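Trainee: Could you take a close look at one residue for me and then put it in the context of the whole chain?

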Amino acid sequence: ASIVEYVTIITVALSFTLWPCTFIWGGTWEDPSLIPGQRGLLIVDICTDVVYAACLLLNFNMSFMHSRKSYEVVTRRRIRKRLLSCPSFWISMLSTTSYLWISCGA
């Protein structure tokens with residue numbers, strides 16, 4: 001589980017570093033010449049989103065410590081219930097879909 005956490009941190013750091021560079025100067029997918037690194041930077045940025053989404057989905061296979069009772073929850077049903085009811089999980093998943101909305105013209 002610790003490797004997944006390290007990969008998550010690295011992808012978040014890369015995403016926060018790369019994303020502002022992708023469209024801040026007016027570049028687009030059709031004309032990436034204004035983007036530093038051009039299409040290569042866009043592809044790396046998409047890959048970081050995909051890896052981050054995969055890391056988020058791997059949370060369904062990770063136990064967690066119950067906050068009040070101080071025991072490890074290992075049943076998949078309880079792990080799933082916790083994640084699906086957590087707003088930050090949904091916000092994190094939504095954050096990986098930015099290129100989907102851009103490709104749809106948003």
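Here is a walk from a single leucine out to the full chain.

Mentor: Sure, let's zoom in on Leu14. Quick ground rules: this is a predicted model, where local features need pLDDT of at least 70, side-chain atom pairs count only at pLDDT 80 or more, and totals for chains, interfaces and linings use all residues. Numbering runs from 1 along each chain as its sequence is written, and side-chain values use heavy atoms, with hydrogens and water left out.

Leu14 sits in helix H1, residues 2-23 (helices are DSSP runs of H or I, at least four residues, and strands are runs of E, at least two, numbered from the N terminus). Is Leu14 buried or exposed? Leu14 comes out partly exposed, because its relative accessibility is 37%; buried means under 20% relative accessible area and exposed over 50%, with partly exposed in between (1.4 Å probe, protein chains only). From Leu14 to Val50, 36 residues along the chain, the C-alpha atoms are 12 Å apart.

Now zoom out. The protein chain has 5 helices and 2 strands, in the order α-α-β-β-α-α-α. Its radius of gyration is 17 Å, well over the 13 Å from the globule rule for 106 residues, so the chain is more spread out than a compact globule (C-alpha atoms only; the rule is 2.2 Å times the number of residues to the power 0.38). Along its principal axes, the C-alpha trace spans about 55 × 25 × 20 Å. As for burial, 27% of the 106 residues are buried.
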